[in-house]
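Q: Got a minute to go through this one with me? I'd like a plain walk through the fold before I head back to the bench.

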Amino acid sequence: MTEEMLKPFSLALIGVVVRSNEQCGRGYGISIKSIKHVKDMHCGMSGVYDKKWVYSEKVDINTQTLDLLSKATRCKMYENHLSFVAKLIRGSADDKVSERPVVYVDLKADASKNHSHKIHMHPSNQTLELEFVCDGSIYNGKRFRITIPPTSFTLEETGLSWTQSYYQWCVDLNMADIVIIHDEFQVQKFSEGVSTAALFPTKSPSFPRTT
Amino acid sequence: MVIDKQMQNALSTPTDERFQSINITADTVSTCAGTTVFYNKSSNIFHSVNIDTSRPRIPKDTQDSTESSDSTSMDVNVVEGWKSHTSAVCRLYGGIETCRHVWCAYLLVHDGPKILLVLPVGMQANCPVGDKAVLQDPADVNIYAIPNVFLS
């Protein structure tokens with residue numbers, strides 16, 4: 001891995017090895033053997049992973065993690081993943097959120113379609129920010145720095161002002177998906193401009209001729 | 001979206017000086033396809049798209065002719081893919097690659113006839129080079145052939 005690869009929403013395949021049962025029980029039973037960066041793909045891409053594993057913006061992260069880890073699996077040795085993975089992910093048994101899950105917001109979904117999200121230009125004129133305005137969302141009132149996938153536009157020529165207007169138009173029409181890498185520390189400590197989100201206009205609708 | 005006289009006037013004389021006028025006349029109105037994508041009843045705000053359907057537009061070539069005739073650089077650019085469309089909707093700017101054919105369109109936000117946003121965009125009119133290659137199926141292809149002959 002190089003510094004160039006370490007960007008928000010970079011995608012990597014991580015090879016892991018499971019150690020002994022005893023070590024797994026103590027919370028350090030998994031060791032990472034390899035990390036392979038996947039070029040030209042990012043973790044906001046549709047189809048990269050099953051949507052059932054992504055988090056919702058409507059329920060607090062801790063509850064969702066506990067629900068996920070307590071689900072029964074095909075593993076014969078444990079009733080669920082909780083005892084096996086919890087310590088590895090959390091580092092401790094308390095409710096402090098230390099994981100950084102992918103939170104996926106489908107603006108077309110009933111739960112998320114009523115909102116007043118705003119796209120702002122950061123005062124530095126170098127980044128766009130997404131202001132979450134949605135009652136019932138854990139991110140209501142929070143701001144996120146928007147990561148624009150490098151394959152979306154020829155960004156240097158397109159410019160942020162046009163992108164801001166285009167994104168706002170798409171968000172107003174719920175024609176976009178929002179992907180957030182949740183960072184509990186940043187979300188709690190800062191009110192704006194630190195956590196990252198990516199915004200992906202969904203496929204353009206067909207426009208029938210109605211003049 | 002009805003592009004009536006009132007809307008034609010509103011588009012040709014937008015009150016917000018950020019936006020440039022769009023002149024739609026009785027002669028050209030038949031080449032405009034206007035669609036209201038979303039209407040907010042409570043605020044009376046329309047989100048619409050107006051597409052010039054007269055013809056797909058080809059960006060003007062602003063590059064040095066010697067550069068464009070350089071086959072090596074062309075090949076490299078095609079392989080990299082940045083000359084082709086990467087998005088269904090894009091901004092149109094001077095120097096945009098000539099192989100990106102687009103429909104000229106405007107994303108509109110309006111309160112009745114009052115124009116709140118006119119964002120010119122290009123809508124992808126031709127497939128990216130890579131996609132074309134995928135879609136063209138050689139006539140004699142046998143998809144069930146054992147592939148050993150292609151492999152070392």
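**The sheet in chain A**

A: Sure, starting with the sheet: in this predicted model, chain A has an open sheet of 6 strands in the order S3-S7-S8-S6-S5-S4, with mixed pairing.

Q: Which strands stand at the edges?
A: Strand S3 (102–106) and strand S4 (118–121) of chain A. Each has a single partner strand, so one side of each is left without a neighbour in the sheet.

Q: And what does the twist average from one strand to the next?
A: It averages 35 degrees.

Q: How do S7 and S8 of chain A pair?
A: Strand S7 (residues 176–181) and strand S8 (residues 195–201) of chain A are antiparallel, with 5 bridges. Within that pair, Ile178(A) has Leu199(A) in S8(A) as its bridge partner.

Q: Which helix packs on that sheet?
A: Helix H5 (residues 160–172) of chain A. H5 touches S4, strand S5 (128–131), S7 and S8 of chain A, and its direction makes about 170 degrees with that of S4(A).

Q: Back to Leu199(A) for a sec. What is it in contact with, leaving aside neighbours within four places in sequence?
A: Leu130(A), Ile146(A), Tyr167(A), Ala176(A) and Ile178(A). Leu199(A) also stands out in the largest nonpolar core, which has 46 residues. There, Ile178(A), Ala197(A), Leu199(A) and Leu108(B) touch the most other members.

Q: Is there some general background to a core like that?
A: In soluble globular proteins, nonpolar side chains tend to be buried together.

Q: Zooming out, how many helices and strands does chain A have?
A: Chain A has 6 helices and 8 strands. Along the sequence the pattern goes β-α-β-α-α-β-β-β-β-α-α-β-α-β.

Q: What share of chain A is buried?
A: Buried residues are 21% of the 211 in chain A. As for contacts in chain A between residues at least 6 apart in sequence, 56% join residues at least 24 apart.

Q: OK, switching to chain B. Leu108(B) came up in the core, so what does it stand opposite in S5(B)?
A: Val118(B).

Q: Tell me about S4 of chain B. How many of its residues are buried?
A: 7 of its 10, so to speak of strand S4 (residues 102–111) of chain B as mostly covered is fair.

Q: Which strands does S4(B) join up with?
A: One is strand S2 (residues 45–52) of chain B, which runs antiparallel to S4(B) with 7 bridges. In that pairing, Phe46(B) has His110(B) as its bridge partner. S4(B) is also joined to S5(B) by 10 bridges, again antiparallel, and Val102(B) stands opposite Gln124(B) there.

Q: How many residues sit between S4(B) and S5(B)?
A: 2, and the two strands form a hairpin. Gly112(B), in the turn, has a positive phi of about 65 degrees.

Q: What pairs with S5(B) from strand S3 of chain B, and over how many bridges?
A: Strand S3 (residues 89–90) of chain B pairs with S5(B) in the antiparallel sense over 2 bridges. Cys90(B) has Gly122(B) as its bridge partner in S5(B).

Q: New topic: helix H1 of chain B. Which of its residues are buried?
A: In H1 (residues 5–12) of chain B, they are Met7(B), Ala10(B) and Leu11(B). Seen down the axis of H1(B), the buried residues fall within an arc of 95 degrees, so they line one face of the helix.

Q: What do those buried residues pack against?
A: Strand S5 (114–124) of chain B.

Q: And which exposed residues are on the face turned away from the buried side?
A: Lys5(B) and Asn9(B).

Q: Last thing, confidence. What is the mean pLDDT of chain A?
A: Chain A has a mean of 80, with 83% of its residues at 70 or more. Over residues 204–211 of chain A the pLDDT is below 50, and that stretch has 16 contacts in the model beyond near neighbours in sequence.

Q: Where is confidence lowest in chain B?
A: In helix H3 (residues 71–80) of chain B, at a mean of 40, whereas S2(B) is highest at 91. Residues 65–81 of chain B are below 50, with 9 contacts in the model beyond near neighbours in sequence. Chain B averages 76, and 75% of the residues score at least 70.

Q: What are the ipTM and pTM scores?
A: ipTM is 0.74 and pTM is 0.79.

Terms used
Residues are numbered from 1 along each chain as its sequence is written. Chains are lettered from A and ligands numbered from 1 in the order in which they are written. pLDDT is the predictor's confidence in each residue, from 0 to 100. Two residues are in contact if their C-beta atoms, placed from the backbone, lie within 7 Å. A residue is buried if 20 or more other C-beta atoms lie within 10 Å of its own, exposed if 12 or fewer, and partly exposed in between; C-beta atoms are placed from the backbone. Helices (H or I, at least four residues) and strands (E, at least two) are DSSP runs, numbered from the N terminus. The arc is that of the directions from the helix axis to the C-beta atoms. A nonpolar core is a set of buried Ala, Val, Leu, Ile, Met, Phe, Trp, Tyr and Cys residues joined through C-beta atoms within 7 Å. Two strands pair if DSSP finds at least two bridges between them. Axes are lines fitted to C-alpha atoms, for helices over the stretch in contact, and angles run from 0 to 180 degrees between N-to-C directions.
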